[in-house]
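Work through the exercises below with the sequence and the structure at hand. Each task is followed by a solution in steps.

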Amino acid sequence: MASYSTNEFKGGLKLLLDGDPCSIIENELVKPGKGQAFNRVKLRNFKTGRVLEKTFKSGESVEAADVVDVDMEFSYNDGEFWYFMDPNTFEQVAAPDSALTESGKWIKPQELCTVTLWDGVPLVVTPPNFVELAVAETDPGLKGDTAQGGTKPATLESGAIVKVPLFIEIGEVLKVDTRSGEYVSRVKE
Amino acid sequence: MTDNWKPGASLETLKIRARVLQSIRAFFVARDVLEVETPILSKSAITDPQLESFMTQFNQTDYYLHTSPEFYMKRLLAAGSGDIYQIARVFRVDEQGRNHNPEFSMLEWYRLGFDHHALMDEIENLIENIFSGLQITPGFARISYQQAFQNTLGIDPLASDVSELTQCAKENNIEIPQGMDLDDKDMWLDWLMVASIAPGFSKNRFTFLYDYPASQAALARLDKSDSRIAHRFELFSGELELANGFYELTDAHEQAERFLNENKLREQRGQKAMPIDLQLLDALKAGLPECSGVAIGVDRLLMVLTQAGHIRDVIPFETGK
């Protein structure tokens, strides 16, 4: 079994804790002056999504989690699973709803997402930071009203609802930031 | 091109840093304490199991980078130097993080005829001096190691055994770290210190913690009337440790015994035993004057002064950058 010593701890490192794969968010070395050092670690549990804190005696070894991030293309959703394909190996994986949480509403077929695999099983699907999606539904646009600051809701082709400027029309393609869920700009065709 | 080449500290902070170094030197010049420089490379190394020295080779011989200039400075003291100070760059393996960089600046000084409380008084004066340049008046508190444990956890760190310390951690809902050696009393004391005692120190002033348990004496002499206590102290700002000082051990035999015990402990823990500094022991035999000494982390003091959240904010370039 691969393992990491506490002196290798850093943000992003994947560990197996109590059988669950976790990712280090923050690692702090604490030392009582001279004397035993400890690592105070903040981690995210991939399975529950929860953030936990744990302390290790420095020098301890902790089992590594076989967790890798792979860029994969979204193929389709059959109502139960979301299917992704590795464009290099054509290998397919099926991700359950729980792996997507908020991600599902931002992606359409062929979108290249980051799929976090644990022992080959999808744990988390992260959409690109920016996606381009067409407006499926919104109130009629207000022509010429490009300077005012008002917004209205618009439903995108992938299902997400974002606040957009009043001048946006159905069918227009928008650039959206998936991290904040905010409209960025119109995409010039 | 990226911004990776740029320094971590702002130019403004580097100017404060330069001013602090100037005021440290002015402080010691005014008190007739001699500035010295001692070797960074040494054939011997510290035996403390909690410290790892960088190693290199020269002429088929292993050399170690010092973790503090203490041993050479004590040889100067034994040779009759009188009061001395040094601002040295020191090196420690495996220490990098918010409050740690593998190389850092240490101010170390020794005062003849001072006990540890007299030296704490002088540290207060030095810090007041440094801070006055920035129109800040720092506050100070002093508490013994025993009293701090009694106040915070209601337990006597000198009299308690590991089962009482374990019970105390449980009663206070203190997490037990993974890998904790439950039978190691000093590890328990260290853990309770980081988890509970130090976080309770006021963020608005400096706290001296003094008279450590004899098992954590390092290079401090033991109390004449209570051998459970060593005259070692540490200085904190909030929970950040800034300095470590001793009313120095001058007994060569006791020092040799401590080195040997530490090496034994290193081997038990799977660490390499370190070459003991025999010339330091000879110097102690020749006679180290009664004195107290302290080492202050200059970078951490700057972190306090500039309210920096990371050590990289007060040094031009952190290790590896």
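## Exercise 1: a hairpin in chain A

Task: Describe how strands β10 and β11 of chain A pair, and what lies in the turn.

Solution. Start with the two strands. Strand β10 covers residues 112-118 of chain A and strand β11 covers residues 121-126 of chain A; they pair in the antiparallel sense over 5 bridges. This is a predicted model. Next, take one bridge: A:V115 has A:V125 in β11(A) as its bridge partner. Last, look at the turn. β10(A) and β11(A) form a hairpin with 2 residues between them, and A:D119 in the turn has a positive phi of about 50 degrees.

## Exercise 2: the sheet around the hairpin

Task: Give the strand order of the open sheet in chain A and name its edge strands.

Solution. The open sheet has 5 strands in the order β9-β8-β7-β10-β11 (chain A), and the pairing is antiparallel. The edge strands are β9 (92-96) and β11 of chain A, since each pairs on one side only. From one strand to the next, the twist averages 45 degrees.

Now go to the β9 edge. Strand β8 (residues 81-85) of chain A runs antiparallel to β9(A), and 5 bridges join them. For A:F81, the bridge partner in β9(A) is A:P96.

## Exercise 3: two residues with positive phi in chain B

Task: Locate B:Q60 and B:N173. Is each of them buried or exposed?

Solution. Begin with B:Q60. This residue is not a glycine, yet has a positive phi of about 60 degrees. B:Q60 lies in the loop between β3 (55-58) and β4 (61-65) of chain B. Count the C-beta neighbours inside 10 Å: there are 5, so B:Q60 counts as exposed; the cut-off for exposed is 12 or fewer.

Repeat the steps for B:N173. Its phi is positive, about 55 degrees, although B:N173 is not a glycine. The loop that holds B:N173 is the one between α5 (162-171) and α6 (185-197) of chain B. With 7 C-beta neighbours inside 10 Å, B:N173 counts as exposed because of the cut-off of 12 or fewer.

## Exercise 4: where the chains touch

Task: How many residues of each chain are in contact, and which strands of chain A take part?

Solution. Contacts link 16 residues of chain A with 23 residues of chain B. On the chain A side, β3 (20-30) and β5 (51-57) each supply at least two residues. The largest share, 4 residues, comes from β5(A). Sorted by class, the chain A side has 6 nonpolar, 5 polar and 5 charged residues.

Key
Residues numbered from 1 in each chain as written. Chains lettered and ligands numbered in written order. Predicted model: local features only at pLDDT ≥ 70, side-chain atom pairs only at ≥ 80, totals over all residues. Contact = placed C-beta atoms within 7 Å. Nonpolar A, V, L, I, M, F, W, Y, C, P; charged D, E, K, R; others polar. Pairing = 2+ DSSP bridges. Buried ≥ 20, exposed ≤ 12 C-beta atoms within 10 Å, placed from the backbone. Axes fitted to C-alpha atoms, helices over the stretch in contact; angles between N-to-C directions.
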